[in-house]
Amino acid sequence: GRYTSVQAYADNNANVRSIPYDEATGGAAKSNSKGGGVETEKVSNPYGSTAGAGSGEFHVYRHARAREAARWKELDASEQRVMDEQRFLEELKQTQDEEAEKTAKRRKKRQREKEA
């Protein structure tokens, strides 16, 4: 059956968000910089509360799934860029160290030849 007013507005109902009286009446909102009343929360879940799925529900699901896949793809690409950058920096440091070693060896050889 339907909720009665007692069930819908009971204090122990977890679905009903309780706020202080001052906030609800705008008394605490005067301290807010926005100056508005109660701040609302954005609901990112677009699905309704009906039992059966309508003809448009699949399309909503498909778009939500595509958004999530795109988000994961971007996360993976970002992680890959970071890994590539780290690998490049390591290889660059290794190459620079090898070149410095070779240069020092050649400098030492030139000094020996100059002294001899």
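1. Layout first. Reading from the N terminus, the elements go α-α-α, so to speak a plain helical list: 3 helices and 0 strands. Keep in mind that this is a predicted model. Helix 3 covers residues 57-115, and most of my points below concern residues in that helix or salt bridges and patches of the chain.2. Confidence. The mean pLDDT over the chain is 79, with 66% of the residues scoring at least 70. The elements differ here: helix 3 has the highest mean pLDDT, 94, while helix 1 (residues 5-8) has the lowest, 50.

3. Burial and surface. Of the 116 residues in the chain, 3% are buried. The accessible surface is about 11200 Å², and carbon and sulfur atoms account for 52% of that.

4. The nonpolar patch. Which residues form a nonpolar patch on the surface? They are Phe-88, Leu-89 and Leu-92, with about 270 Å² of accessible area together. Leu-89 sits in helix 3 and is partly exposed, its relative accessible area being 44%.

5. The aromatic pair. The structure has 1 aromatic pair. It consists of Phe-58 and Tyr-61, whose ring centres are 6.4 Å apart; the planes are at 45°, so the pair is tilted. A tilted label needs an angle that is neither under 30 degrees (stacked) nor over 60 (edge-to-face). The two residues are 3 apart in helix 3, which means a separation of about one helical turn. Phe-58 is partly exposed at 47% relative accessible area, and Tyr-61 is partly exposed at 40%.

6. Salt bridges. How many salt bridges does a search of the whole structure find? The count is 4, and three examples follow.

7. Arg-81 and Glu-74. Their side chains meet in a salt bridge, 3.1 Å from N to O. Arg-81 is partly exposed, with a relative accessible area of 48%, and Glu-74 is partly exposed too, at 45%.

8. Arg-87 and Asp-84. This salt bridge has its closest N and O atoms 3.1 Å apart. Why are the partners about one helical turn apart? Because Arg-87 and Asp-84 are 3 residues apart in helix 3. Arg-87 has a relative accessible area of 43%, so it is partly exposed; for Asp-84 the value is 33%, again partly exposed.

9. Lys-93 and Asp-97. Here the side chains meet in a salt bridge at 3.5 Å, N to O. Both residues lie in helix 3, 4 residues apart, or about one turn of the helix. Asp-97 counts as partly exposed, with 41% relative accessibility.

Notes. Residues are numbered from 1 along each chain as its sequence is written. This is a predicted model: local features need pLDDT of at least 70, side-chain atom pairs count only at pLDDT 80 or more; totals for chains, interfaces and linings use all residues. Side-chain values use heavy atoms; hydrogens and water are left out. Patches are made of residues with over 30% relative accessible area and no salt bridge: like charges are joined within 9 Å, nonpolar side chains (Val, Leu, Ile, Met, Phe, Trp, Tyr) within 5 Å. Accessible areas come from the Shrake-Rupley method with a 1.4 Å probe; for residues, only the protein chains shown count as cover. Buried means under 20% relative accessible area, exposed over 50%, partly exposed in between (1.4 Å probe, protein chains only). Rings of Phe, Tyr and Trp (its six-membered ring) pair if their centres lie within 6.5 Å; planes under 30 degrees apart count as stacked, over 60 as edge-to-face and the rest as tilted. pLDDT is the predictor's confidence in each residue, from 0 to 100.
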